[in-house]
Structure formats: structure tokens, C-alpha cells
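Work through the exercises below with the model open. Try each task before reading its solution.

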Amino acid sequence: MGDRNAQGPNPGKEAAGVAAADLILDGMIVGLGTGSTTAYTIAELGMRVNRGLGILAVVTSYQSQMLAIDAGIPLTTLAEHPVLDISIDGADQVDADMNVIKGGGAAHTREKVVSHSAKRFIVVADESKMTGQLDHFVPLEVLPYARELVTGTVTAMGGEPQIRLASKKDGPVISDNGNFIIDARFGVIDDPASLAKKLSTCAGIVEHGIFTNVDEVYVGMNDGSVEIRTLDQR
Ligand code: 5RP
């Protein structure tokens, strides 16, 4: 994987990220996802907060925590606000049924918790993320103690597991929760819900990156326009 912290401007990501900020109304409790697309949402919300929008946000990573604090967005926690009005997050791949693979930034465990705590879950993505069927590797957050067990289990399931190595640190990526990330290739995923269920039962996997709970996708086009997809539009 390239250096995710050194990505250049992307009109599609910016368009989707900024457009989704329109969903956030005064008084809402908002989940803030992780990644470069959500960073545009956070920056836009910060400007609106500075103009008087009253919201509280729950972050999904150290990255979104730092961005939200820099932008001036007041933070809260799931302990204080267990039910969120909405969560906005990015994706690595989105299929025609709005199943999503996340975890390119190793933040999918908290992202999943936050998305399931929200009444409405919005994904923001540029058009390059859209596909008919998922075939992206599935990020798995794994207890370091269970690395060998999970590697064996994924291989027995027909997957190809690879530990994610850090780019500016020797050795493996360590997640915000102190765990390893194993990226598992399964080829074309015919039944994402079924694979998600199987991965959820594997001992040692803290969380996998398949999300089947997306309500709407804001797709940012390279020309700066945005298409909003819902399941009814299939
Ligand atoms: C982090 C994620 C990100 O939302 C996903 O990788 C998309 O990132 P980006 O918006 O930078 O393309 O799941 O764990």
C-alpha cells in the first residue's frame, strides 16, 4: 500500500466528502469516519461549526480525532452518547448492492462500532471505488497472539492472508487498538454477507472489513459532481 498520509488532492473524494456535510443538522450527534475522503467532510463540518452549527462528534481513529480537534469540532464518546444520529465514512470498495470493504486505514473495528451505533450510515467515496462485485482484499484486525491461528483459518477458507507491514516503521502495522492487520484476498466475493458471517466466527479476528449496513453512498465523480445511491435505485 502507498503512503496514505501523503495523498494529493482528489476532486471526486472532495465532492463526495463535502456534499455529505449537508446531511448534518444542528443538534446532531455525528460519527466521523477515517481516511482522506472523510477528511473533507470533517474540514467542511469544522467550517460550519465555526459559523455556528451545533454538533457533537464521535471519532473512529486517532486520525479523525486529530482532524476534528484541528477543525474545532466538539467531541463526545459512545459512553456519553451511545446512539448517533448519523455516521459518515469512506470505503475501499463498494459493490452494486452497497456492500462495502473498509479498513484500508486499519480503522475498521471502531468504524464498524460507530456505524452500528448510528441511525443512518452514509459512505462517501470517489467513483474509482465503485464495482459490480467486491474483489478487494478484506482487512482483518487480529489479536497479535492469534496471528498464526488466523492465518491458518483464512487459508483453510480459501483466502490468501498477508500481514500488513508499516511504511514508516519496521514490522507490522499496529492498529489504534494495539492489534495486527491481516489483509486477506478471497478473489471475487460472490456472497459478502456470508463471508462476513464466517469471518465473524473466527477466533482471534477482532473485526473484519466487510460492511453490509450502508444506507446511502455519496459517489464523487472526477468532474466534481456527486451521485447519491440508495438501495431502491438498483
Ligand atoms: C479506514 C477506511 C477508509 O475509510 C477507507 O480506507 C477509505 O479511505 P480513503 O477515503 O482515504 O480512500 O476504511 O480504515
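Two exercises follow on this predicted model, one on the ligand site and one on the domains.

**Exercise 1. The ligand site**

Task: Describe the shell around the ligand, then find polar contacts and state how much of the ligand the protein buries.

Solution:
- Step 1. Collect the shell. It holds 19 residues. T34, S36, T37, D92 and K129 are the closest.
- Step 2. Sort the shell by class. Nine residues are polar, seven are charged and three are nonpolar.
- Step 3. Map the shell onto helices. Helix 2 (36-50) and helix 4 (108-117) each give at least two residues.
- Step 4. Look for N or O pairs within 3.5 Å. A backbone N or O atom of T34 sits 2.7 Å from a ligand oxygen. For a polar backbone atom of G103, the distance to a ligand oxygen is 2.8 Å. E111 uses its side chain: an N or O atom there is 3.1 Å from an oxygen of the ligand.
- Step 5. Work out the cover. The ligand alone exposes 380 Å². The protein buries 98% of that area.

**Exercise 2. The two domains**

Task: Delimit domain 1 and domain 2, then describe the interface between them.

Solution:
- Step 1. Set the bounds. The domain assignment gives 11-131 + 212-233 for domain 1 and 138-207 for domain 2.
- Step 2. Place the centres. The C-alpha centres of the two domains are 24 Å apart.
- Step 3. Count contacts. 15 residues of domain 1 touch 15 residues of domain 2.
- Step 4. Take the area. About 1100 Å² is buried between the domains, 57% of it on carbon and sulfur atoms.
- Step 5. Locate the main contributors in domain 1. A106, H108 and T109 lose the most area to domain 2. Together they make up 40% of what the domain 1 side buries.

Note on methods
Residues are numbered from 1 along each chain as its sequence is written. This is a predicted model: local features need pLDDT of at least 70, side-chain atom pairs count only at pLDDT 80 or more; totals for chains, interfaces and linings use all residues. Side-chain values use heavy atoms; hydrogens and water are left out. A residue is near a molecule or strand if one of its heavy atoms lies within 4 Å of it. A polar contact is a pair of N or O atoms within 3.5 Å; within protein, one must be able to donate a hydrogen and the other to accept it, and residues adjacent in sequence count only if both atoms are side-chain atoms. Accessible areas come from the Shrake-Rupley method with a 1.4 Å probe; for residues, only the protein chains shown count as cover. Helices (H or I, at least four residues) and strands (E, at least two) are DSSP runs, numbered from the N terminus. Ala, Val, Leu, Ile, Met, Phe, Trp, Tyr, Cys and Pro count as nonpolar, Asp, Glu, Lys and Arg as charged, and the others, Gly among them, as polar. Domain bounds come from an automatic or database domain assignment. Contact means heavy atoms within 4.5 Å. Buried area is the accessible area (1.4 Å probe) that two parts lose on being put together, summed over both.
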